[in-house]
Amino acid sequence: MSGGSFSRVGVVGLGTMGAGIAEVLARGGVRVVGVEVDEGALERGRGHLEGSTGRAVKRGRLTEDARREILDRVALSTSFADLGDCDLVIEAVPERLELKRRVFAELDRVCRDDAVLATNTSSLSVTDIAVTTGRPTKIVGVHFFNPAPVMRLVEVIRTVLTDPGAVERVAGLVKDLGKTPVTIGDRAGFVANRLLFGYLNQAAGMLESGHATRDDIDTAMKTGAGLPMGPFTLMDLIGLDTCLGVLEAIYAESRDRRHAPSPLLRELVTAGLLGRKTGRGFYSYDKAAGEDEPAGEASAPERPRVGVVASGASAAPLIAALAGGADGPVRVLTGDANALDGPLKDLENAEAGTDAAGLADRDLVVIAPGADPALVAAAAEAAGPDAVLAVTDPGLAVIEQAVATGRPAAVVGLRLPEEGAALAEVAPTVATGDGVEARAVALLSALGLTVVRCRARSGFIVDALRFPYLNDAAAMLGAGYADAASIDAAMTLGCGYPTGPIADLDRLGVGRAVAVLRALHAETREPALAPAPLLEEHATAGRPLR
C-alpha cells in the first residue's frame, strides 16, 4: 500500500489524534514528518506512537518487525522547516481557530507551492482557515475519527474555493490507507458530529429537565435503541469540554436550539468536571466515591399473571413480548376471539376470549393501541383492585388514556420501543396512585424486561431522542448535503452505530417517524422537531427513503 500522489506527508500536532493519523499513514507505507511545538510535546507524541503500536503487537495485530517498520517511517521534529518537502501536511492541533490560523500561516511560509494543506478540524469552518492562507484552492478538510488507527471513516471536506483535484487526491489517499472517505461541503460539524451532537445535547436537556435519570436514559438508548453506549457514557468518553466546543461551533452556524449547549453541560465544564479524563463528568470514575444506590422497588409475583386488551392482529408483537415470562397464558380480551387465531397460533402462552371476567385475577393488564373503548372500560371494571393498567397508544397522551379507563390511579404509560428488544419504558401521570409506578416496574421486571422510567411525555425516552436525530438526517439528505450512503456510513463507521439513520428510518417506517415527530412538535413547539419535508413527502407517498 502507498500514498498514491502523496509520498511524504507531514502531521502537525502529535496528541492522541495527530499521533493516530501519523500511525495510519505510516502503516500505509507513507513517509511521515511529525512536528510538535517543543521537545516535551514531541516526546509525548513519540509515546503515543510507541504505545499504540506496542498494544497492537501484544494483541497480535502487528508483528514486532512490522511495528519497527512503521515507527521508522515517522521522522519527528520541532521545526516547521522539516515540512518543506512534504506533498501534503495535515494539521491536528487543538480546536481553536486562531491557533489553527497561526499554524497554517507558518505552513504557507515553509511548504512548497504545490503542497496540499489539510485540517483535521471536527467542527470549525475549513473556509475560515483557508481564506487566511495564500493558497485557499489547496486547503482541504480531512476529519479522522478517534482512535484513527481503528475507525474507518474519514470525512473529506471541500470548500467553495478548493481545487477539485486536491479533494480527489486526498480522498484517494484515504482509500489507499484502507479507510472510507465521505466527501462533503464545509458545514459546521460535517455529517457525523452534526447528527451526533444534536442527539447528545438533547439527552443532556432531557436529564436537566427531570424527564428521566441519567442511568435510565443511558440504559434506554443501549437496550431499546441498540446503540453501543448511552449518551452520557459517550459524552464522558469524548470529554465534556470537547462536546461543549463542538456544540458551540455548530450553533454559531446553525442557530438551531438543538445545538445550543445545555446549561447543565456548560456548568459541568465550568466546574472542571470533564468526564473520564478528570475522573468525573456525568458519572464519577472514582470507585471509592461510589455511585448512588438504586431505590428499592415494590415486590411482584415471581411470574406475573398478564392480560391484554386488543382489537386486532396488530397487537401480536406486544402480546409476544409479554408472554415469555408470564404465569400461565396471557389472556387477551377481544371483541372477536377468532380474529386473533392467526396471530396467536405460534404463541403457546396466549389465549383469546371475549369475557372481561377473565382479567379479574391479572396482576398486569396492558391495553394495546387502538383497543375498543368499550373493551377497555370492561377490562378496567373487571380488573382486581391491585391490578396495574398499562396504556400503550403512542398517538394519545397517557393522561387521556388513563382518564378514559375510569381508573386513572391504576394507570401508567408503557412503551416497548423495539420489537424483539427487552426494554420497557414506564411513565406515570399526575393521577397515578402511590406505589402504582413501583409495582408496574416490579411486574415488568419479573417478566424479564429491562425497565426504565420517565415522565409521561411524547416519545418517552427512546423515541423522543431517536426520531429527532433521524429527522436531522432526513433534513440533511433532503438538502442535498450528503447522499444516503454517505450519511449512513458517517454514523456506522464514524460513530460505531449498528445501522445508519436513513436505514433506520426505512426499518422503523417513515410514517411512524412523522407521527412521533408531529407529536413531539405539537407538545414542545420546537421548530427542529417538525418532520423534515422529505419525510412528510415519503410518508404521504408510502415509500421508504431509498
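Trainee: In this predicted model, which residues form a nonpolar patch on the surface, and what accessible area do they have together?

Mentor: The model is a predicted one, and the patch on its surface is made of nonpolar residues, namely Val131, Val160 and Leu161. One of them, Leu161, lies in the loop between β7 (153–158) and α6 (164–176). Taken together, Val131, Val160 and Leu161 have an accessible area of about 300 Å².

Trainee: Is Leu161 buried, partly exposed or exposed?

Mentor: The relative accessible area of Leu161 is 37%. A residue is called buried under 20% and exposed over 50%, with partly exposed in between, so Leu161 counts as partly exposed.

Trainee: What is the order of the strands in the open sheet that has β3 and β8 at its edges?

Mentor: This open sheet has eight strands and mixed pairing. Because β3 and β8 (180–185) each have a single partner strand, one side of each is left without a neighbour in the sheet. Neighbouring strands are turned by 25° against each other on average, direction ignored. Read from one edge to the other, the order is β3-β2-β1-β4-β5-β6-β7-β8.

Trainee: In which sense do β6 and β7 pair, and which residue of β7 stands opposite Val142?

Mentor: Strand β6 covers residues 139–144, and β6 and β7 pair over four bridges in the antiparallel sense. Opposite Val142, in β7, stands Val156.

Trainee: Which helix lies across β7 and β8?

Mentor: The helix in question covers residues 484–493 and runs at about 135° to β7. Its name is α18.

Trainee: Which strands stand at the edges of the sheet that contains β9 and β10?

Mentor: This too is an open sheet of eight strands with mixed pairing, in the order β11-β10-β9-β12-β13-β14-β15-β16. From one strand to the next, the twist averages 30°. A strand with a single partner has one side without a neighbour in the sheet, and this is so for the two edge strands, β11 (350–353) and β16 (450–453).

Trainee: At what angle to β10 does helix α12 run?

Mentor: Helix α12, which covers residues 316–323, lies across β9 (306–309), β10 (330–333), β11 and β12 (364–367). With respect to β10, the helix runs at about 155°.

Trainee: How many salt bridges does a search of the whole structure find?

Mentor: Among them is the pair of Glu64 and Arg67, whose closest N and O atoms are 3.4 Å apart, and both residues lie in helix α3 (residues 64–72), about one turn of the helix apart. Some salt bridges are also linked in a network, which joins Glu418, Asp463, Arg466, Asp504, Arg507 and Arg512. For the whole structure, the number of salt bridges found is 31.

Trainee: How many residues apart in sequence are the parts that Arg112 and Asp87 tie together?

Mentor: Arg112 and Asp87 form a salt bridge, with the closest N and O atoms 2.8 Å apart. Arg112 lies in the loop between α4 (97–110) and β5 (116–119), whereas Asp87 lies in the loop between β3 (74–77) and β4 (88–91), so the parts that the pair ties together are separated in sequence by 25 residues.

Trainee: In the salt bridge between Asp361 and Arg362, which residue is buried?

Mentor: The closest N and O atoms of this pair are 3.0 Å apart. Asp361 has a relative accessibility of 29% and therefore counts as partly exposed. Since buried means under 20% relative accessible area, the value of 6% identifies the buried residue as Arg362.

How values were computed
Residues numbered from 1 in each chain as written. Predicted model: local features only at pLDDT ≥ 70, side-chain atom pairs only at ≥ 80, totals over all residues. Heavy atoms only, no water. Patch = residues over 30% accessible without salt bridge, like charges linked within 9 Å, V, L, I, M, F, W, Y side chains within 5 Å. Areas by Shrake-Rupley, 256 points an atom, 1.4 Å probe, with all protein chains shown as cover. Salt bridge = Lys/Arg side-chain N within 4 Å of Asp/Glu carboxyl O. Buried < 20%, exposed > 50% of the residue type's maximum accessible area, 1.4 Å probe, protein only. Pairing = 2+ DSSP bridges. Axes fitted to C-alpha atoms, helices over the stretch in contact; angles between N-to-C directions. Contact = heavy atoms within 4.5 Å.
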